[in-house]
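Please open the model in your viewer and keep the sequence panel visible. The stops below proceed by selection, each followed by what is to be found there.

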Amino acid sequence: MPAHRPAPRSVHHPEGGAAPSADPPPASAPPGAPGHEAGSPPGRVEGAAPGRRSLQHGGGTPVSRVAEQLADLARQLQHERSAQQVLDRIVTAAVEVVPGARRAGISRVGNRRTVTSIAATSDRAAAFDALQQEVGQGPCLDALFEDRTVRVDDLPAEERWPVLARRAGQAGVRSALCFQLYVEGDDLGALNLLSEERVAFDDVSEDIGGLLASHAAIAVADAQELADVHVALSSRDVIGQAEGILMARHHLTADQAFAVLARYSQDTNRKLRDVAADVAATGQLGRWPLAPGTATTAGHRPGTAVVVSLPGRVGPLAYRPAVPAGPTSVQISFEELGQPLADCTFVVLDLETTGGPPSGAEITEIGAVKVRGGQVLGEFQTLVRPASPIPAFVQVLTGITNGMVASSPSTREVLPSFLEFAGFDRGAVLVAHNAPYDVSFLKAACELTGRPWPGPRVVDTVALARQLVDRDEAPNRKLGTLARLFGTSTTPDHRALHDARATVDVLHALLGRVGSRGVHTLEDLRAFTATAVNPARRAKKHLAVGLPSAPGVYQFRDASGRVLYVGTSVDVQRRVRSYFTASETRARMTEMVRAATTVVPVVCETPLEARVRELRLIAEHSPPYNRRSKQPEKVTWVKLTAEHWPRLSLVKQVRDDARDGAEYLGPFRSAATAELAVAALHEVHPLRQCTRKIPKAPRADGPGACVLAEIGRCGAPCLGADRGGQDAASYAEVVEAVRRSLRADAAPALEHGRDRLRALAAQQRYEEAASARDRLEAFLTAADRAQRRDPVARSPEIVAARRGAPTPGWPTGGWEVVLIRYGRLAGTCLTPRGADPVPHIEALRATGEVVPPPGPGRPGLLVEETDVLLGWLEQDGVRLVSVADPDAAPWACPVRGAGWARSRLTTTPVTSPA
């Protein structure tokens, strides 16, 4: 657990922007005051450990007094015996030391959505964490991932977490001061100081709390590290005892005894520590099962001894099974144990090139590190002079310029030295991140120089990471991402030797993980990364037995009934069966199949129904192995705020404030795309970009205008008309123009964007032109989708049909009829071929799902479902049967809307003026 690193940045949220009180609140409350539980003596904190000296303040808080208290706390934390005792002591001391704190707790936020209280001075502190978890918002869930310190002076008036603010009284919390203790992956630890008084914390509280949080973070990390060491020492002792038993009973060396334990652990699919514990307890190994598909020796009987041949010994080593009955045993040789990874010489390689495949690119730098048993044996690094110049973008990426390689040796001169260093002909193993790319360049270099390719054994760290690193840990398998995950000693920077050193640390971290899966030899490692089907995975083929050979949706579930993965197929049984064959190469699917115990099918009539059901199931269960459509509430919207001086803002939730003047655009899959759309609108409309609240009548002594007003990008409504700023009437015209751009008229954005692109092209500023085009595309794409989606989402009922298309695997009929109500699929059916479709349509309308009109806000799931339905409606051959109330909710798109602007932008070339 990494230690907290103090940072000066903090976020303060006083009520309405008012300054906090100059008088700090008292350090402790009198008996009976809020913050003291019934029966608690004055000057004591509920939950405080008896017999410990109090750290409470007396009067002021001089520096010497704070230093003495924190030093005393550090000494006390060193004497705690467990991580939990450390946590309990921290929260107790926080209430005693920090002015204004009445309660304290430590929260663990898992995967940025789950808040768990792991230490608290009272039930109310733990209840505050439970409240954040229940409402899905709060400082632990949002602010503390970006800011190390968050201070809230009046939580019921806080606007960032409206639901939490409304229910703050339930938890008895008015003020909060939160500190980030550590961040590990997507997990965060936070120290929360709470009070039922308004403006309970001041700058002194924040400073002292920051110092306390720093001490706490270090103490927690030390306690966790000590616990890990105890576990490691315990495992080492057990394994040593098992080795000693085998060495004494069978006259083995230490290495041979460990090799037997490792092989037995692999073949029985059990942890090495558990195997060693059994040997230490019983004095012998259990039965050694025969691997599936392995032939037995002649006359070998089930239940007889397992025989292992070891070099350096006279005669075999025999083990008697602990249980007479069981799988057939087999004789294995010591050579079958393979080459231990600790004895392998790995040459970790990285190449820098001019870009592209070997047929059109060349090597510009070689970096390699030779390691064995975790020790570096040597390093190799040299620049290489290519025959062609290095492209400019590659020079920027790697920092290797044409001048740097001008006097360097060529590939023909470098290759012999590198191959001699690597020693591939002496059994060294080549390791690289995305090894096929580096190997292809080495093969091309050997062919160019007329040398035979040595054909070394290859280990690809990308392939290993795909099977060993979950998506929850890292979003991708890039070297830089894995380096941050494993904390490599060298940061990769697209220089060959630096990247090779980082790959060494990544390799060692991955080998540490794969060892727990019974992989201890090079042969096991290469088999682990091969695409061959694992026997345990093939054994799950029975899950496909009995599934319907029909189109529909399927759900993989684990033993507890949790949905692991949801998918669709034209033949559910055939698709599910493919997960247990070599055709399925995705590492996450292998992991999913390993955990699955059952498959639940849902037969559907049409592909549209299957797609909608898949969306709904994914949104409902949030399966861990689905990537798309999960957690639709995590999308981003662009909001034109409803206030006296509206502005554009990024929000996560659509509220029922349209009648107050709010306008929404979205949803966007990422906040970055939403920011591009906002930037495109700001380029066209001089809307204010500041986030502070401006009163209806700006004060004469208010702050001055920002730089945007000076360059003409904002009318400065914050100044007021009396001070030369924009008045309310003219600003309302700007707001109305933005509203028209969002709803119906994208012509201003298109004209301004095209003029901007022409000007940049004329000045040959092509990178800026590409960025401007991206911003305009982000806005037009989102607005086009919203303007096309809106009529379908507002329509009470749409009935459409198309002739049964010959979709492979799906049943064909006369007409595929779809019933849509308020943008949601209410029903679908296939009419028999040649039959009158009208009775079927009437029956579908009578039995379809009743969908209420959309209320305040539209969840992301419904938006994605509406988009799927809209895509079906816009297909060729679809006919409208009926549209309910077409006058009130017509199905139409604006003539000069975003769709029109997108077509003009993509079909009309932008050229610079002559």
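Select Cys178 to begin: this residue belongs to strand S5, residues 175-184. Helices (H or I, at least four residues) and strands (E, at least two) are DSSP runs, numbered from the N terminus. Cys178 counts as buried because its relative accessibility is 1%; buried means under 20% relative accessible area, exposed over 50%, and partly exposed in between, with a 1.4 Å probe and protein chains only. Add Ala104 to the selection and draw a C-alpha to C-alpha distance: the two residues are 74 residues apart along the chain, and the separation is 9.6 Å.

The model is a predicted one, in which local features need pLDDT of at least 70 and side-chain atom pairs count only at pLDDT 80 or more, while totals for chains, interfaces and linings use all residues. Residues are numbered from 1 along each chain as its sequence is written, and side-chain values use heavy atoms, with hydrogens and water left out.

**The whole chain**

Zoom out and colour by pLDDT, the predictor's confidence in each residue, from 0 to 100. The chain has an average pLDDT of 77, and 77% of the residues reach at least 70. Which elements have the lowest and the highest mean pLDDT? Strand S8 (residues 317-319) is the lowest at 37, and strand S13 (residues 429-432) is the highest at 95. Two stretches deserve a separate selection. Over residues 1-61 the pLDDT stays under 50, and the model has 131 contacts for them beyond four places in sequence; contact means heavy atoms within 4.5 Å. Residues 289-336 also have a pLDDT below 50, with 87 contacts in the model beyond near neighbours in sequence.

With a cartoon display, the chain shows 28 helices and 24 strands. Of its 914 residues, 47% are buried. Among contacts in the chain with a separation of 6 or more, 65% are between residues 24 or more positions apart. The accessible surface comes to about 43500 Å², and carbon and sulfur atoms contribute 52% of it; such areas come from the Shrake-Rupley method with a 1.4 Å probe, and for residues only the protein chains shown count as cover.

**Two residues with positive phi**

Most residues other than glycine have a negative phi. Select Val199, in the loop between strand S6 (187-195) and helix H6 (203-250). Val199 is not a glycine, yet its phi is positive, at about 50 degrees. Is Val199 buried or exposed? Its relative accessibility is 15%, so Val199 counts as buried.

Next select Tyr822, in the loop that joins strand S22 (815-821) to strand S23 (824-830). Tyr822 likewise has a positive phi of about 50 degrees without being a glycine, and Tyr822 is buried, at a relative accessible area of 17%.

**A helix pair**

Show helix H13 (residues 461-468) together with helix H16 (residues 522-529): they pack at an angle of about 70 degrees, and their axes are 9 Å apart. Axes are lines fitted to C-alpha atoms, for helices over the stretch in contact, and angles run from 0 to 180 degrees between N-to-C directions. H13 and H16 are therefore roughly perpendicular to each other; angles under 35 degrees count as roughly parallel, over 145 as roughly antiparallel, 65 to 115 as roughly perpendicular and the rest as oblique. Display side chains for Ala463, Leu464, Gln467 and Leu468 in H13, which meet Leu525, Phe528 and Thr529 in H16. This contact comprises five nonpolar, two polar and no charged residues, where Ala, Val, Leu, Ile, Met, Phe, Trp, Tyr, Cys and Pro count as nonpolar, Asp, Glu, Lys and Arg as charged, and the others, Gly among them, as polar.

**Two lysines and a serine**

Select Lys540, in the loop between helix H17 (535-538) and strand S15 (552-557). Lys540 counts as buried because its relative accessibility is 16%. Beyond its neighbours within four places in sequence, Lys540 contacts Phe580, Val593, Arg594, Ala595 and Ala596. The C-alpha atoms of Lys540 and Tyr579 are 9.1 Å apart, with their positions 39 residues apart along the chain.Move to Ser649 in strand S19 (residues 648-651), which is buried at a relative accessible area of 17%. Outside its neighbours within four places in sequence, Ser649 is in contact with Trp637, Val638, Lys639 and Thr641.

Finish at Lys693, in the loop between helix H21 (671-684) and helix H22 (707-710). Lys693 counts as exposed, because its relative accessibility is 58%.
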